[in-house]
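I opened this one to look at its strands and helices. My notes follow the structure.

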Amino acid sequence: MTPESLSPPSGPENGGAERVAERIRALLGGVFDALDELGAEVVRRRRALLDEGRRLKEAHLGMLEPFIKEELARRPMADGLGFLAAPDVIGGVERYIHWWHRTGDAVARMRLNFDPTSVDLYDYLQMDWFVAARDRGEHAVFGPYVDYTGANRYVLTLTVPVSDEIFLGVAGADLAMSDVEPALLRALRSAGRDALLVSAERRVVAANTPRWVVGSRLPSMPRPHEGEFVEVCPVGLDSGWVVALAENE
């Protein structure tokens, strides 16, 4: 899905928090669909190996590469995409990531340090987007934030749990905020009012006016007809995001 595909047609009938939330759901939903399919591929491969009396190992997940590359090609907003295993799910290793990301005009496999004795350990098992998917068993949206310990880019991370009797890990994607933010702004501008998108942590993800500063935290979650807000609608998809509209200043 390209940013242009989220551009709303002109006309007053396109206002309203629900209409805006619908457009944002389209953005997130397509990515979550791809991650669900990636997780299903891991489950299918593991089951086939168990039927043969074998355990899932690193070499068996090479089959994820074509799917991941195809999804990255289809989704210009996606900066990286892959599978991150729970401890000891992959035979012979405690931590394992099969993750591909953009490097200029190419796509490359990301290599990170998983040595637990190293100060540079990439401990994804403790990261919010991994913990949320694991502990709640739901889709998770985290950010936007600068991924200093990974790709060192300003991203939004989406994850889904991958389970098959036991928790296997998460399928995840990083969306480049440089591409996501313009799409979110187009959706917010369709409201016909001052509008903002707020995360579950009450942080302003995007706003169609300088009235709210992106990244700032609101004192409380917006509620309709409380304070400055006249209309509020949850985005859904387990994101915790809400679209809030206010009278124009």
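**Notebook: sheet and helices**

I started with Val 141 and found that its bridge partner in strand 5 is Leu 158. Helices (H or I, at least four residues) and strands (E, at least two) are DSSP runs, numbered from the N terminus. I count two strands as paired if DSSP finds at least two bridges between them.

A note on what I'm looking at: this is a predicted model, where local features need pLDDT of at least 70, side-chain atom pairs count only at pLDDT 80 or more, and totals for chains, interfaces and linings use all residues. Residues are numbered from 1 along each chain as its sequence is written, and side-chain values use heavy atoms, with hydrogens and water left out.

Next I checked strand 4 against strand 5 (residues 154-164): they pair in the antiparallel sense over five bridges.

Then I traced the whole sheet. It is open, with six strands in the order 3-2-1-6-5-4 and antiparallel pairing. Strand 3 (106-109) and strand 4 (140-146) are the edges, each pairing on one side only. From one strand to the next, the twist averages 20 degrees.

I looked up strand 2 and strand 3 too, and they pair in the antiparallel sense over four bridges. Trp 100 has Arg 109 as its bridge partner in strand 3. The hairpin of these strands has two residues between them, and Gly 104 takes a positive phi near 70 degrees there.

Last, the helices. Helix 2 (residues 64-74) lies across strand 1 (78-85), strand 2 (97-103) and strand 3, at about 35 degrees to strand 2. Contact means heavy atoms within 4.5 Å. Axes are lines fitted to C-alpha atoms, for helices over the stretch in contact, and angles run from 0 to 180 degrees between N-to-C directions. Helix 3 (residues 128-136) lies across strands 1, 4, 5 and 6, running at about 175 degrees to strand 4.
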